[in-house]
Amino acid sequence: LQDAETALASLQPVTYVYKADPADPQVGFIAEDVPALVATNDRSSLSPMDIVAVAVKVIQEQRRQLDAQQARQAELESRVAQLEQLLLSLTRQPQR
């Protein structure tokens, strides 16, 4: 997973145009600048399926982290509600 995150973070999209059609800008990557994990063996191009696999792995991990954070948030919200109820009940008790 660490390799996938590092590879994805190091990808630097660029905008370029072909000499034959300078009015049609393209977006992509410079093959020599991409990590070996997503490049072809000769580093002359990128491996689209490897890029997809790396992106999916990172997205899955982010989804797992998001789910855990949402569960923790729900737990904390429940505890806050309980504490608010306790505080409310204590403030309604007669003073001694």
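Contact here means that heavy atoms lie within 4.5 Å. In this predicted model, Ala4 touches Leu37, Val54, Lys57 and Val58, leaving out residues up to four places away in sequence. Ala4 also belongs to the largest nonpolar core, which has 11 residues. The points below cover that core, a strand hairpin, the salt bridges, a surface patch and one backbone angle.

**Nonpolar core**

- The largest nonpolar core is made of Ala4, Ala7, Leu11, Ala31, Val34, Val38, Ala39, Leu46, Ile51, Val54 and Val58.
- Helix H1 (2-10) and helix H2 (48-92) are the elements that give two or more residues to this core.
- H2 supplies the largest share of the core, three residues.
- In soluble globular proteins, nonpolar side chains tend to be buried together.
- Two of the contacts of Ala4, Val54 and Val58, are listed among the core residues as well.

**Strands E1 and E2**

- Strand E1 covers residues 14-18 and strand E2 covers residues 21-28, and the two pair in the antiparallel sense over four bridges.
- Together E1 and E2 form a hairpin, with two residues between them.
- Thr15 has Val27 in E2 as its bridge partner.
- Tyr16 is a residue of strand E1.
- With a relative accessibility of 30%, Tyr16 counts as partly exposed, because that value falls between the 20% limit for buried and the 50% limit for exposed.
- Outside its neighbours within four places in sequence, Tyr16 is in contact with Asp24, Pro25, Gln26, Val27 and Gly28.
- For one of these, Gly28, the C-alpha to C-alpha distance from Tyr16 is 7.8 Å, while the two residues are 12 apart in sequence.

**Glu61 and its salt bridge**

- Glu61 lies in helix H2.
- The relative accessible area of Glu61 is 14%, so Glu61 counts as buried, the cut-off being under 20%.
- Apart from neighbours within four places in sequence, Glu61 is in contact with Leu1 and Glu5.
- The side chain of Glu61 meets that of Arg64 in a salt bridge, at 2.6 Å from N to O.
- Glu61 and Arg64 are three residues apart in helix H2, which means that about one helical turn separates them.
- Whereas Glu61 is buried, Arg64 is partly exposed, with a relative accessibility of 49%.

**Other salt bridges**

- The structure holds three salt bridges, and the one between Glu61 and Arg64 is described above.
- Arg63 forms a salt bridge with Asp67, and the closest N and O atoms are 2.7 Å apart.
- Arg63 and Asp67 are both in helix H2, four residues apart, about one turn of the helix.
- Arg63 is partly exposed at a relative accessible area of 42%, and Asp67 is partly exposed at 37%.
- Arg72 and Glu75 join their side chains in a salt bridge of 3.0 Å, N to O.
- Helix H2 holds both Glu75 and Arg72, which are three residues apart, about one turn of the helix.
- Glu75 has a relative accessible area of 39% and is partly exposed; Arg72, at 41%, is partly exposed.

**Nonpolar patch on the surface**

- Leu83, Leu86 and Leu90 form a nonpolar patch on the surface.
- Together these three residues have about 300 Å² of accessible area.
- Leu86, one of the patch residues, lies in helix H2.
- Leu86 is partly exposed, with a relative accessible area of 46%.
- A residue needs over 30% relative accessible area to enter a patch, and the 46% of Leu86 is therefore enough on that point.

**Backbone angle at Arg43**

- Most residues other than glycine have a negative phi.
- The phi of Arg43 is near 60°, a positive value in a residue other than glycine.
- Arg43 is placed in the loop between E2 and H2.
- The relative accessibility of Arg43 is 29%, and Arg43 counts as partly exposed.

Note on methods: Residues are numbered from 1 along each chain as its sequence is written. This is a predicted model: local features need pLDDT of at least 70, side-chain atom pairs count only at pLDDT 80 or more; totals for chains, interfaces and linings use all residues. Side-chain values use heavy atoms; hydrogens and water are left out. A nonpolar core is a set of buried Ala, Val, Leu, Ile, Met, Phe, Trp, Tyr and Cys residues joined through side-chain atoms within 4.5 Å. Buried means under 20% relative accessible area, exposed over 50%, partly exposed in between (1.4 Å probe, protein chains only). Patches are made of residues with over 30% relative accessible area and no salt bridge: like charges are joined within 9 Å, nonpolar side chains (Val, Leu, Ile, Met, Phe, Trp, Tyr) within 5 Å. Accessible areas come from the Shrake-Rupley method with a 1.4 Å probe; for residues, only the protein chains shown count as cover. A salt bridge is a side-chain nitrogen of Lys or Arg within 4 Å of a carboxyl oxygen of Asp or Glu. Two strands pair if DSSP finds at least two bridges between them.
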